[in-house]
Amino acid sequence: MTFTTRFKAGAAAIVAAGALAVAVPAYAQTGPSPTDPPAPTRLTDLKARADQAVKDRLTQIDALTGRLNGAGADCGQNADVTGQLANDRTGLQQLDATIQAESDGKKAVAEYRQIFTDFRIYWLQTPKTHEVVGCDRERKADTTLSALKQKIQSRVDEAKAKGYDVSAAQAAVDDMGAKLTDATTRADHASSLVADLRPDKGDNSVLTSNLAALSTGRQDLHAGLTDLQGARHDARTAIDDLKSLHKG
Amino acid sequence: MEPSRALRPLGVAAAAAVLLTGAACNGPLAKRAANTHAPATAVTTVVPAGAASTTAPPTAQPSGTAPVRTDDLDAGLQQADTQLSQTGGAVSDADQNPQQNSD
């Protein structure tokens, strides 16, 4: 093998690897890990920074709770996650009170770190809640499309009874049913996979597995959405078939 | 004078009377005849329910009309579109990376 040949092969491998890296969708990537901020050296600064960090997280918790309450459907994990957020709120408030009353600098630094590692409001609870709400939304759309499927099926049966050839419309309705079933499975999997993920508390292996689970959940939600869009396409096909039936 | 000659004036008079009577009656008769041939107005026909479906064969559907109702299906599809749009937004939210690197 000449140098030129080896160079070409190497270049091709690099290009292929690059293409694969680009081909991975954003939602499938685990992304960077959190970098917890260092604690301020002066105790008064630390206390002020801690208080602001807690307030920011309480605001975020309220927003996430609002998202859950307005989801319009429930894959079964809403109460669980809402309860976790309520506990986070209480825990953060207690931790802030402890930090504000702290006189030991070393203890204050350790407690300051807990705001991030023990709650993971942004890195865990936020994407988790979004995925649970994503499941809820998919469930809602699935319910609407399932009701539509039943209506279409009744019209297909009616046309069939009148002697029309409904084979194409029936095939579309059957495919619609299969896609709706798969969408439910995918969305439920996403929600149940992430709902009980717990903060890593500084354990890198837990953090890594949490990020991987969140990534899998996102992939499931995308697959579920694709199923729902396919089911919607099937519904359109079946309705159009019903409009242009001919007697078989 | 022969009897036939004696009756001839009477016959002429009778014929004239018949003609005059006919002319006098022509107006009302014509009106009656016209009324007989005039089209009927404000006629209500009661068709029993289900009679159309039993008499009209499926192949006799007018062009452009579906053999079964589909307008409500189109409406259902529109509702599903709205919800799918919201679902897409929610799934997109789940794709967002955390806003803060520090947590």
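Colleague: In this predicted model, how far apart are the end C-alpha atoms of helix α4 (residues 105-117) of chain A, and what should the helix span?

Modeller: Helix α4 of chain A has 13 residues, each counted at 1.5 Å. The expected span is therefore 18 Å, and it agrees with the distance between the end C-alpha atoms, which is 19 Å.

Colleague: Which residues of α4(A) are buried, and on which side do they lie?

Modeller: Around the axis, the buried residues cover an arc of only 95°, so they lie on the same side of α4(A). On the other side, Lys106(A), Lys107(A) and Ala110(A) are exposed. The buried residues pack against α2 (43-69) and α3 of chain A. Their names are Ala108(A), Tyr112(A), Ile115(A) and Phe116(A).

Colleague: Which element of chain A has the lowest mean pLDDT?

Modeller: Chain A averages a pLDDT of 90, and 85% of its residues score at least 70. Over residues 15-22 of chain A, however, the pLDDT is below 50, and this stretch has zero contacts beyond near neighbours in sequence. Among the elements of chain A, helix α3 (residues 78-100) has the highest mean, 98. The lowest mean, 51, belongs to helix α1 (residues 3-23) of chain A.

Colleague: What pattern does chain B follow along the sequence?

Modeller: Chain B contains three helices and zero strands. Read along the sequence, its pattern is α-α-α.

Colleague: How many residues of chain B are in contact with chain A?

Modeller: On the side of chain A, 47 residues take part in the contact. The count for chain B is 31 residues. These divide into 12 nonpolar, 13 polar and six charged.

Technical notes
Residues are numbered from 1 along each chain as its sequence is written. Chains are lettered from A and ligands numbered from 1 in the order in which they are written. This is a predicted model: local features need pLDDT of at least 70, side-chain atom pairs count only at pLDDT 80 or more; totals for chains, interfaces and linings use all residues. Two residues are in contact if their C-beta atoms, placed from the backbone, lie within 7 Å. Ala, Val, Leu, Ile, Met, Phe, Trp, Tyr, Cys and Pro count as nonpolar, Asp, Glu, Lys and Arg as charged, and the others, Gly among them, as polar. pLDDT is the predictor's confidence in each residue, from 0 to 100. Helices (H or I, at least four residues) and strands (E, at least two) are DSSP runs, numbered from the N terminus. The expected span of a helix is 1.5 Å times one less than its number of residues. A residue is buried if 20 or more other C-beta atoms lie within 10 Å of its own, exposed if 12 or fewer, and partly exposed in between; C-beta atoms are placed from the backbone. The arc is that of the directions from the helix axis to the C-beta atoms.
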